[in-house]
Amino acid sequence: TTLNLVTAYKNFFEGRARYPRFKAKRNKQSIQYPQSVTVVDGCLKFPGRVAKVKAKIHRPIEGTIKTVTVSMTPSGKYYASVLTEVEGDNPPASTERSRSEGKVAGIDLGLKDFAIVNDGVKTSKYANPKHLAKHERNLKRKQRKLDRKEKGSKSRNKARKLVAKVHERVSNVRQDYLHKLSRKLVDENQVIVVESLNTKGMVRNHKLAKAISDVGWGMFVNFLSYKLEEEGKVLVEIERWFPSSKLCSNCHYQVAEMPLDIRAWICPSCGTHHDRDGNASANIRAEGIRILSVSGTGTAADGGDVRPKLGRKSKLTQSPVRSEAQASTK
Ligand SMILES: [Zn+2]
């Protein structure tokens, strides 16, 4: 616990996180065992008085067990996360190969369609499943029940668990969807290009806040990132202010305005008929390829800097540069 607190303060002082807060007993709880936990026939064996606990072990545990984190969800379920150490290396990064023979996909993330993917040949759209919206009525009803219960009562705790269960369900379904979609895209491509998100800034727009937190872009990019990294593939994140929807993917003409309600447009310069999102994802893809060709060779080829060890870092980020074609049309 002390180690966690130290980390929390460190993250705060180094500007990565908010000031640590006290957590209520009813919220998610967890405890870490840095050593001496073992797995014996369907049970986890803890040091001290806890001793053996029956567990559903959903995959074989390989390697040496390091830290085991036991957590309890707000709905009262217990999980143990077992960290193990395995000999061997991850596959090496392979931008060189991917740029020559692999496929590159550009993804535009949105609210109407969750993801619009352009792989250079075709554009595929994946609908936004709106998980939370589907459970909204159920959630409201249970929340209302909870609000009527007396504070500190047993029945209030029961009602609280029911609400927590719905939230848990929504979050599980959301994760499942994001895992499956990211797995599919990572299997099909060597390089994936996304616009870097400023979800926090967007969530401050109150009208869209719920829809944006429900959609789970950040989690999706995170899943893409580690899945790509596992296979030595590359995630490219381009700057948020890259004018992906204002550029013509055919001639690079840039229109001054592109209001959100315009779903299709015709380029005034070359006359190409564009679907808004398909055009944006094609631009994102092209920009990603440009960034790779500028910065890719140096860093990616020697294998060092593209694939650091922790977190969402296996990405190349670079500000867009005005392309010649774009400048000449002005
Ligand atoms: Zn054009």
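These legends accompany close-up views of a zinc site and several salt bridges in a predicted model. Residues are numbered from 1 along each chain as its sequence is written, and side-chain values use heavy atoms, with hydrogens and water left out. Because the model is predicted, local features need pLDDT of at least 70 and side-chain atom pairs count only at pLDDT 80 or more, while totals for chains, interfaces and linings use all residues.

**View A. Four cysteines hold the zinc ion.** The SG atoms of Cys248, Cys251, Cys267 and Cys270 coordinate the metal at 2.3 Å. Donors here are N, O and S atoms within 2.8 Å of the metal (3.2 Å for Na, K and Ca); water is not among the atoms, so sites may look incomplete. The site is tetrahedral, with angles of 106 to 113° among its four donor atoms; four donors earn that label if all angles lie between 85 and 135 degrees. Along the chain, the donors follow the spacing C-x2-C-x15-C-x2-C. Cys251 and Cys267 link distant parts of the chain, 16 residues apart: Cys251 sits in the loop between β11 (234–238) and β12 (264–266), and Cys267 in the loop between β12 and β13 (273–275). Strands (E, at least two residues) and helices (H or I, at least four) are DSSP runs, numbered from the N terminus. Cys267 is buried at 2% relative accessibility, where buried means under 20% relative accessible area, exposed over 50%, and partly exposed in between (1.4 Å probe, protein chains only).

**View B. A salt bridge within helix α9 joins Arg290 and Glu287.** A salt bridge is a side-chain nitrogen of Lys or Arg within 4 Å of a carboxyl oxygen of Asp or Glu, and here the closest N and O atoms are 3.0 Å apart. Both residues lie in helix α9 (residues 276–301), three residues apart, which is about one turn of the helix. Glu287 is buried, with a relative accessible area of 5%, whereas Arg290 is partly exposed at 23%.

**View C. Arg16 meets Glu14 in a salt bridge.** Their N to O distance is 2.9 Å. Arg16 is exposed, with a relative accessible area of 54%, and Glu14 is partly exposed at 49%.

**View D. Asp113 pairs with Lys112.** This salt bridge spans 3.8 Å from N to O. Asp113 counts as buried at 12% relative accessibility, while Lys112 counts as exposed at 59%.

**View E. Four residues share a network of salt bridges.** Look for Arg183, Asp187, Glu231 and Lys233, which are linked together here. By the same distance rule, the count comes to 16 salt bridges.

Definitions and conventions
Four donors count as tetrahedral if all angles lie between 85 and 135 degrees; four count as square planar and six as octahedral if opposite donors are over 155 degrees apart and all others between 65 and 115; anything else is irregular.
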